[in-house]
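Student: I would like to go through this protein with you and ask, for each label, what earns it.
Tutor: Good, then let us put each value beside its definition before we conclude anything.

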Amino acid sequence: MNGKPVEEPYVYGGDADGVHRAYDVTVPQGRLFLLGDYRADSQDSRFHLDEQSGTVSESAVLGRVTDDRTVPALGVTAGLLGGVLVLVGVGLGIGFLVVRRREAAPVPAMSWPAPPMGG
């Protein structure tokens, strides 16, 4: 920025360039030059230099990402879902073993009424 490098610790893989394509842009007042955080796979302002030097009007930007909580939220959700699936699997496995054992055990034939003992 203004001829000086900017520290960007959020850039994926630490590769601030990504495509090794030179560009030199002067950003007019009221406009923004947008760069993605995964520079090797971002269709950002660098790829639209023929349109307004790749800049976007400030009024076209609706919000700003300050802290992305999507990944942790997805991780927690996946962990909980995985735990539920493990418990369901264990329960179904135990149920299967119980039913299988009952089917395999021979039932002794009994006559009714039982004959008197010792007689």
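Student: Where is Asp44 found?
Tutor: Asp44 is found in the loop between E1 and E2. Before we go on, note that this is a predicted model, in which local features need pLDDT of at least 70 and side-chain atom pairs count only at pLDDT 80 or more, while totals for chains, interfaces and linings use all residues. Residues are numbered from 1 along each chain as its sequence is written, and side-chain values use heavy atoms, with hydrogens and water left out.

Student: What makes E1 and E2 strands, and how many helices and strands does the protein have?
Tutor: Helices (H or I, at least four residues) and strands (E, at least two) are DSSP runs, numbered from the N terminus. The protein has one helix and two strands, and along the sequence they follow the pattern β-β-α. Strand E1 covers 31–33 and strand E2 covers 55–57.

Student: Why is Asp44 called buried?
Tutor: Buried means under 20% relative accessible area, exposed means over 50%, and partly exposed lies in between (1.4 Å probe, protein chains only). Asp44 has a relative accessible area of 8%, so Asp44 counts as buried. Arg46, which is found in the loop between E1 and E2, has a relative accessible area of 3% and is therefore buried.

Student: What makes the pair of Arg46 and Asp44 a salt bridge?
Tutor: A salt bridge is a side-chain nitrogen of Lys or Arg within 4 Å of a carboxyl oxygen of Asp or Glu. The side chains of Arg46 and Asp44 meet at 2.9 Å, N to O, so the pair satisfies that definition. Side chains of opposite charge can pair when their charged atoms come close. A search of the whole structure finds one salt bridge.

Student: Why is the link between the side chains of Asp44 and Arg46 also called a polar contact?
Tutor: A polar contact is a pair of N or O atoms within 3.5 Å; within protein, one must be able to donate a hydrogen and the other to accept it, and residues adjacent in sequence count only if both atoms are side-chain atoms. The side chains of Asp44 and Arg46 make such a contact at 2.9 Å.

Student: Which residues does Asp44 touch, not counting residues up to four places away in sequence?
Tutor: Contact means heavy atoms within 4.5 Å, and with that exclusion Asp44 touches Leu34, Leu35, Gly36 and Arg39.

Student: What do we know of Ser53, and why is Ser53 called partly exposed?
Tutor: Ser53 has a relative accessible area of 34%, which is why Ser53 counts as partly exposed. Ser53 lies in the loop between E1 and E2, and has a positive phi of about 55 degrees although it is not a glycine. Ser53 touches Val25, Phe33 and His48, again not counting residues up to four places away in sequence. Ser53 and Val25 are 28 residues apart in sequence and 6.6 Å apart in space, C-alpha to C-alpha.

Student: Is Gln52 buried or exposed?
Tutor: Gln52 has 55% relative accessibility and therefore counts as exposed. Phi of Gln52 is near 55 degrees, a positive value in a residue other than glycine.

Student: How do you know that the span of H1 is close to the expected one?
Tutor: The expected span of a helix is 1.5 Å times one less than its number of residues. H1 has 35 residues and reaches 50 Å from its first C-alpha to its last, close to the 51 Å expected. H1 is hardly covered, since the count of buried residues among its 35 residues is zero.

Student: What makes Val86, Val90, Ile94 and Val98 a nonpolar patch?
Tutor: Patches are made of residues with over 30% relative accessible area and no salt bridge, where like charges are joined within 9 Å and nonpolar side chains (Val, Leu, Ile, Met, Phe, Trp, Tyr) within 5 Å. Val98, in helix H1 (residues 70–104), has 38% relative accessibility and so counts as partly exposed. Together, Val86, Val90, Ile94 and Val98 have about 340 Å² of accessible area, a value that comes from the Shrake-Rupley method with a 1.4 Å probe, with only the protein chains shown counting as cover for residues. An α-helix has 3.6 residues a turn, so residues three or four places apart point the same way.
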